[in-house]
Amino acid sequence: MEKQQKIIVLYIDDEINNLNSFKATFRFDYTILLAQNAEEALNHLNTNNVQIILSDQRMPTITGVEFFEQIRESHPNAVRLLITGFSDIESVIDSINRGHIFRYIKKPWVELDVKSAIEEAYKFYLATSLLDEKNISLQKAYNELNKFAYSVAHDLKGPLVSVMGALTIVGQKEDPKERLELLDMIQSSLQKLQGFVDSMFDYYRLNQGELQIEEVNLEHLSQHYNDIYALEGKVKGIDFSIQTEQTKPFRSDVSKLKIILNNLIENAFKYQRTDATDKFVKVKLLITSELAEMIVEDNGIGIEEKYQHSIFDMFYRATTHAPGSGFGLYNAKDAITKLEGTLRVDSKPNEGSLFTVSIPTK
Amino acid sequence: MIEELQKYQLILIDDNSIDQMLHRKIIEIVFPAASVKLFTEATTALKHIQANEDGTPHHTVIFLDIQMPVMNGFQFLEAFHLLPEDIKKLYTIYIVSSSVNQFDISKAKNNPYVKDMIIKPLTKETLLNLLH
């Protein structure tokens, strides 16, 4: 984007004739700003995104080197070029060595020298501003990593602390029934821990390596989920059904499709209404065009509209209805993004939720 | 002293139902006669307190978790602040959390309604210490 725009060059010289001839020569190639003294120059620097500054060395109130030293801290990104006659060379070399000046241009200047100096300086400008951008994004990633490490440690510690607490109490209780109850708590805490660690692995795998594209067989996929959830549905009194229709071949990364489906189906089971008698989870996998559609529907507690945009955020939880890490839908969304798919949520509190995922074939 | 403690009423607010049950069991061991109410959502606990359903002059201790969905511990404290004085003075609040985040800890300790912060797990010793 920046390449198509003209380079913004500020030229400082106390002699108005020099300024005018500079502008006349270069106004077609660059956006030229002119200044006769330091004050005017500063004004330009503060109001424009100046990329390159050329300054004459010999000026009545301030030398070019002095001016550059003055603005080096406040405008570090603009690349500084000095224009000077041979007699000043000694004083300038030192300044160049100290890094204040990118290059000097001999006076009187010739068009070609100035042009090549500006082009070089602009390359340097682009490289350093790119580096700045990289540094900012690295710092951001580093801060996020810190936050991530804390949240993960916190979520791992929670169930561990519960287990330790329960173990302490087991030793103090005689009643076998109460002891069994405590062992159940230990088990559910450990299951929670395992679920969290599994999500961490999903997270790792999602950010690891290339997609593994293969021919997707919907029958296999549907069998896989039927094996897991038909029984769980019976135990929990939830009617589980999975329906498939495939008229076109479909290529995708099966492990990522599974991360999406696992999380959506698991949530559909988790967020049921406790008092409902007709609980269901319906899954549809349809490939009748270039897009695969995966639909997971339940008639559970639903999601309030104000939470619907946040449920895919890492560690976000919208309800205390069932335990969760706030990691599952984040991973599902991430997998959908990696497969270049889209996701729609339709949900009403106390009526249920419908997640529709569309994934293009590879 | 002990008899007085037995009269304690406690409210536990924690979204983790396992921790809730564990805390109740420890409390039963230390104060067998205390009455304990459990809430997994801070909003429901707040409604309960607001309605003053217990209608009793008894002093009540609240054990409040920080990280909870819907309404977290700090949001609960903000809402608690808006309750009438004669309700507020009936409650003493302890934060019970597994958070070791310095920011959370100092924020909790600086809150005028928070008596102290307890790092999970809640133990017999911590409970006994509270009463001194």
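Biologist: How many residues does the contact take from chain A?

Modeller: This is a predicted model, in which local features need pLDDT of at least 70, side-chain atom pairs count only at pLDDT 80 or more, and totals for chains, interfaces and linings use all residues. Residues are numbered from 1 along each chain as its sequence is written, and chains are lettered from A and ligands numbered from 1 in the order in which they are written. Residues are in contact if their C-beta atoms, placed from the backbone, lie within 7 Å. Chain B contributes 21 residues, and chain A contributes 19 residues.

Biologist: Which ipTM does the predictor give the complex?

Modeller: The pTM of the complex is 0.64. Its ipTM is 0.73.

Biologist: Which element of chain B has the lowest mean pLDDT?

Modeller: Chain B averages a pLDDT (the predictor's confidence in each residue, from 0 to 100) of 85, and 89% of its residues score at least 70. Helices (H or I, at least four residues) and strands (E, at least two) are DSSP runs, numbered from the N terminus. The highest mean, 94, belongs to helix α4 (residues 73-81) of chain B, and the lowest, 51, to helix α1 (residues 2-6) of chain B.

Biologist: Which residue of β12(A) is the bridge partner of Asp346(A)?

Modeller: Two strands pair if DSSP finds at least two bridges between them. Strand β11 (residues 342-348) of chain A runs antiparallel to β12(A), with seven bridges, while strand β10 (residues 291-298) of chain A pairs with β12(A) (residues 352-360) in the antiparallel sense over eight bridges. In β12(A), Glu297(A) stands opposite Leu354(A). The bridge partner of Asp346(A) is Leu354(A).

Conventions
Two residues are in contact if their C-beta atoms, placed from the backbone, lie within 7 Å.
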